[in-house]
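I set out to record how one chain is built and how it meets its neighbour. The entries below are in the order in which I looked things up.

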Amino acid sequence: MDMLFLAEVALAGLGAGALYALTGVAFVLIYKATRVVNLAIGEILMLGGYAFLGFAAGLGLSPWIALPLAIAAGGVFGWVVERSLIRPMLGENPISVFMVTIGLGSILAGAVQLAWGADPLRLPEFLPGTPIFIGDAYLAPKVAFGFAAAAVVIGLFLALFRFSRGGVALKATAADQGAAYSVGIDVPRVFSIAWILACATAAGAGVLVGAIGGISPTMGVFGLSVLVVVIIGGLDSLAGALVGGLLIGLVEALAGTFLGGEFKLVVTFALLLVLLMVRPYGLFGTHEIERL
Amino acid sequence: MRIGTLKTSYGADEALFDSSVQRGLLVLLALGAVAFPFVASPYWLFLACLCAINVASATGLNLLTGYTGLVSLGQAAFMSVGAYAVAVLEIRLGTPFLLNLLIGAALAAVIGILVGIPSLRVKGLYLAIATIAASVILHFLFSHWSLTGEARGLSMPPASLFGYVIDQPFTLYWLIMPVTCLMVLGAANLLRTRIGRAFIAIRDRDISAEVLGIPLLRYKLTSFAISSFYAGLAGGLWAYFFRVVTPESFPLVNSIFYLAAIIVGGMGTILGGILGAVFMTLVPELLKFAANWLTPIYPDALAALAPVRTIVFGGLIVGFLIFEPRGLAEIWRRVRRFFHLWPFRT
Amino acid sequence: MTDTQLNRRQVLAGTAALAGMAFGVSPLAAQETGEIVLGGSIPLTGVFAFAGIGIHAGIQDYLKILNDGGGIKGRKIKYVAEDTAYKVDASVAAFNKITSQEKVSLYYGDSTGFSKTINPELDRRGSMIMAGASFATELNDPKKFPLQFMAGPDYTEMFGILLRYIAKEKPGARVAFVYSDTEFGRDPIVPGEAVAKELKLNIVEKIVTPPGSVDVSTEVLKLRRANPDFTIFHGYVLAPIPEFVAQAKQMGMKSQFMGTFWTMDNSTVQRMDAAADGFMGVMPYRYYYDKDGSVPMLEKIRQMRPEYQSTGYMQGFVTAMLMAEAVKRTLDAGKELTGANLKAGLNSIKDFDTGGLFGVPISIPGNSVPVGRIYRFDAKAKQMLPASDWIKL
C-alpha cells in the first residue's frame, strides 16, 4: 500500500469530517438545550448555501460580506422557527416534535426549489485555490479551509460553554430544566439562543459545503450523514459530535477509495448499527436512567 | 339522530362496529366499493388501487408507531423486501401470486424482526435511526445484487389466476381492494386481543408494562413483525400493480410519507391510518389537476408543481401536528358527534 | 437562469386555484377528433430537472411551430405532460393517467428504467411509438423494443465516437471512466471497455461515485494515481464534474476531460468556471448559437427564444420533430396511426434534413441516430465549439 496515497485520502476524509462535525455540533446544541431532535438540520444547511448565493450572486455583494449575512440569516431563521413551530410543541410527544422538523425540512426543500430552481448551482469562488501540500500529500484547498473554519468555530463553542455565563446557563438547562428555571435562568431564552446559534452554525457550514460541492435542493441529504455522526457520538455530547464527525469523514473516505463510491453510505450506516448494539447511547452520550 | 347506545353484554362493548347506523353505513361503503370499478375511469381505478396499497402499509405502520409507540422510518424498505420477493418469485419460479404475496410478506416480517432487535435497547430517535440504517443497507443490497437486477431493477410479468391475466386497473382492483380490506379488518381485530392491549400498554409506558408482566422483547418484536408483514404484503401488491421494482421505487421519503400519513390521519386509530393514507395519496393528484388547469393561464405551472407538492407535504405534517395533533380521525369524530344530536343541539 | 421562478402572488393564485379544484374535477377531457396526442412523462423536478425543463420547452416549441403552420394535414399535435421527478413509478403513473384520458399516438419517456418497464405495455397497446431522454444501449434493439427510438446515438455509440476520436488523437492512450452508480451511469461502461479494447486504448481506472455525492476529494486522488490521458464522465448532469475537474487541475493533472450528451450543455459546462476550459464531449445536435452552415431551424428557435436554450431543449425539439415526421409519413401513406405504422414511417426516414439541427442529413434504420460531433469548450468565447467533423458510425 502506498502510504502517501493513504495519507492523502485520510486528509481528504478528515476535511470532510470537519464539516460533519460542525453541523453535528449545531445539531447537538439544539438537542442539549431543548431535547428537540432537529431533522431539518440538512435543509437549514442548504438554506445557508442558498442565502449566501442570494447575497453574493443575487445582490452582487462581496463574498466576505455575504458570508456573515448568510450566517445571520440562518440565525434569524432559527429564531423564527423556534418561536413559531417548536415552542407550540413544548411538552408534546418527542415523536411529534421530530416529525415537525421533518415537515419543516420538506417545506424548506420545496421553497428553495421554487425560488432558485431544481438544478444544482455553484457558489461564487471565494476560497483560496492554491493547492496545499502537507509534506508531499496533496490537500484540496477548499477542504483545508473548511477544516480550519470548522476547527475555529468548534473551539469557540467549547470555550463559550466552559467560560461564558450563557454557556453555563445552557449547560444547566440541559441538566435539568426545572432546576434551571428555579434558580432564575430564563429557560425560554436559552431555547431561543440555542436555536439561533445552531441554525447560524448550520448556515455557515452550508456555505462551506456549498463552496466545495455546489448547492442543490437535494443537498439536505448531507443531514443524513450528520445524523449518523451525532448518533455515533452521542446525541448530547459536543465532543461526541467532533469525534463522530472526523470518524465518519475518515470512514467514508477510506470506504470510497478502497471499496468504491457506492459503499460510502452503507458502510457508515452498518457501523452505526453495530455501535447501536454495543453502545446504545453513542460513544459519549448520556445513558438516561428511566424511573417509574 | 342517536342519543346514546345501550350495551348489555361485554361482547357488544367489544364489538368493532357498535351501532346499527355504523353497520348500515359500512354496508353502503362496501356496496360503493363493489360498484366503483364499474363506473370509474381507469385513472380513478389506478388511484383507488394506489390508495388501497398505501392504506395497507400505513395501517401496518400505525400498529407499530401509533399503537406500540415505536417510531420506524423503514416502512418503505420493508415494502421493498416484499416487492422484490414477489418479483423474484414471479420471474424465477412463476409460483401462484397469492403464495408469492404471502412469502414476500413473511420475508419482510423476518427482516422486520431483525431490525426490531435494537428496539429493546434503544428507543425514540435512536430506534428511528436504526430503521433508517436498515433501509440504507437494504437499498444497497437490492441495487448491487444480481438476483434483484442491480440498479436496473426487475420488470415482472403480471399476476394470473387460472390463466386469466390480472394487469389492468380494473382487474387489479379486485385483487388489491379485498386484500387491503382483510388487512385493515385484521388490524382492527388484533387490537381487541391480548396482543393489541399489550401494544397499547407498551406505548403508554413501556416500563410500567413490563412491571405488569408484559414481556417487552416479545411484544415489541411481534409488533415489528406484524407491521413489516403488512408492509411486505403492501409491497407485493405494489409490485403486481406497477410490475417493475427498482431500488429507487422505495426511497426513504416514502417511509416519511407513511409516517406523515398516520400523523395526518390520526395516530393510534385504525380509521386514522385509512383516512391519512387516502388523503396523502390524493393531495398530490389534486395539485396535479390544479397545475394542469392552470397551465393555459400560467405555462410554468407544471414545473412549479413539484416544489409546491413538497411544500404542501411538509406543510400538512407541520400544520396537523400543531393545530390538529389527533388528525383527520378526530375531525371525523367531531363531525359525527355533531350529527348525533343534530338538529336538537348544534 | 431557469424559468421556474415564481413570485408570491403566483403562488397564492395557485393555492387559491387548488382550493377551487377540490370541487368539480372532471378528469376525462372531451376528445377532439383530429388531434394527435403526444404524451410525456417529463422529469420537471428531481435530479434530472435541468434537462427535463429544457425538454419540456423544446417539445412545446416545436409543436407550436408545427401547429401554427397548420399541423400535419390539418391535424394538430397536442402535448400532454406530467411531471415524474425522474422516478420510474411516477412515470408509469403518468403514462397510465395520460393514456386513460387521451388517445395517445406518441409518447416521450424520461428514463431508461421507464422505457424498459413500459415496453411490454407499448407492445400490448400497439397504438403509439415512444422516444425519450434515455440513450441506453439496451434500447437500441429494434427486435426487443420495436416501438421505441432515440433521437441520437446510444450511450455506447457516444463512447464509440469519443474513443474513436481519442484513438485518432493519441493511439494507445490511457483512458479513465468516471460514472455514477445509477443505471444511467453504468449503461455504457462494459460495452465501452470492449470498444476501447478494439481501438487498442488502455482503460486504466473506472471510478464509480454514489448518486448525488458532492464531495469527491477521495475520488480525485484515485484518479490522479491512475494518471489517465483522457477521462470520460458519464451519468451526471453537472455535479460533481466541476469540482472533480477543478481539483484535478489544481493537482496538476493533465488529463483531458470529456462528457456525454447530458453533461454537454453549454451552461452546464460554463458553470465549471476555470475547470471548463478545454472540456470536451460528444453532441449529436448543433448548439443554440452555432453559426456554421445553413441552419434554418436554429434561426426559428432563436427568433422564438432570444436567450440561450439548453441541449435538453434541442433533444426535446428534435424528438418532437422526428415524431411529427413519422406521423406525416404514415398519414401520407394513407395508413392508420398505429405503433407499427408509425415506426415504419420513422424507419423510412433517409437522408432527412432536420433543418440543420443534426449537422448532417440523417437516416433512422433502427432505433438510434448514430451521428455526433466532438465539441470543445472555449473559455474566451464561453462556448462549446466544434473540435471535429460530424462522425457517423
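The entries cover domains, sheet, a helix pair and a chain contact, in turn.

**Entry 1: domains.** I note at the outset that this is a predicted model. I looked up the domain assignment of chain C, and it gives domain 1 as 32-153 + 296-362 and domain 2 as 155-283 + 372-392. I find the C-alpha centres of domain 1 of chain C and domain 2 of chain C 28 Å apart. To their contact, domain 1 of chain C brings 17 residues and domain 2 of chain C brings 23 residues. On the side of domain 1 of chain C that touches domain 2 of chain C, I find that α2 (49-68), α4 (112-125) and α12 (311-332) of chain C each supply at least two residues. I sorted the residues of that side of domain 1 of chain C by class and obtained nine nonpolar, eight polar and no charged.

**Entry 2: the sheet.** I next traced an open sheet of four strands in chain C, with the order β2-β1-β3-β4 and parallel pairing. At its edges I find β2 (77-83) and β4 (129-132) of chain C, each of which pairs on one side only. From one strand to the next, the twist averages 20°. I then examined β1 (residues 36-42) and β3 (residues 104-109) of chain C, which pair in the parallel sense over four bridges. Within this part of the sheet, G40(C) stands opposite Y108(C) in β3(C). I also find helix α3 (residues 88-101) of chain C packed on the sheet, where it touches β1, β2 and β3 of chain C. The direction of α3 of chain C makes about 160° with that of β1(C).

**Entry 3: a helix pair.** I looked up helix α5 (residues 155-169) and helix α7 (residues 189-198) of chain C, whose axes come within 9 Å and cross at roughly 30°. Angles under 35 degrees count as roughly parallel, and I therefore record α5(C) and α7(C) as roughly parallel to each other. The crossing of α5(C) past α7(C) is right-handed. From α5(C) the contact takes T156(C), F159(C), G160(C) and L163(C), and from α7(C) it takes P191(C), G192(C), V195(C) and A196(C). I count five nonpolar, three polar and no charged residues in this contact of α5(C) with α7(C).

**Entry 4: chain C against chain A.** I find 34 residues from chain C and 34 residues from chain A in the contact. On the side of chain C that touches chain A, two or more residues each come from α2, β6 (202-209), α8 (217-226) and α9 (241-250) of chain C. The most is given by α8(C), with six residues. By class, I record 15 nonpolar, eleven polar and eight charged residues on the side of chain C that touches chain A.

Note on methods:
Residues numbered from 1 in each chain as written. Chains lettered and ligands numbered in written order. Predicted model: local features only at pLDDT ≥ 70, side-chain atom pairs only at ≥ 80, totals over all residues. Axes fitted to C-alpha atoms, helices over the stretch in contact; angles between N-to-C directions. Parallel < 35°, antiparallel > 145°, perpendicular 65-115°, else oblique. Left-handed = near helix turned anticlockwise from the far one by under 90°. Contact = placed C-beta atoms within 7 Å. Nonpolar A, V, L, I, M, F, W, Y, C, P; charged D, E, K, R; others polar. Domains from an automatic or database assignment. Pairing = 2+ DSSP bridges.
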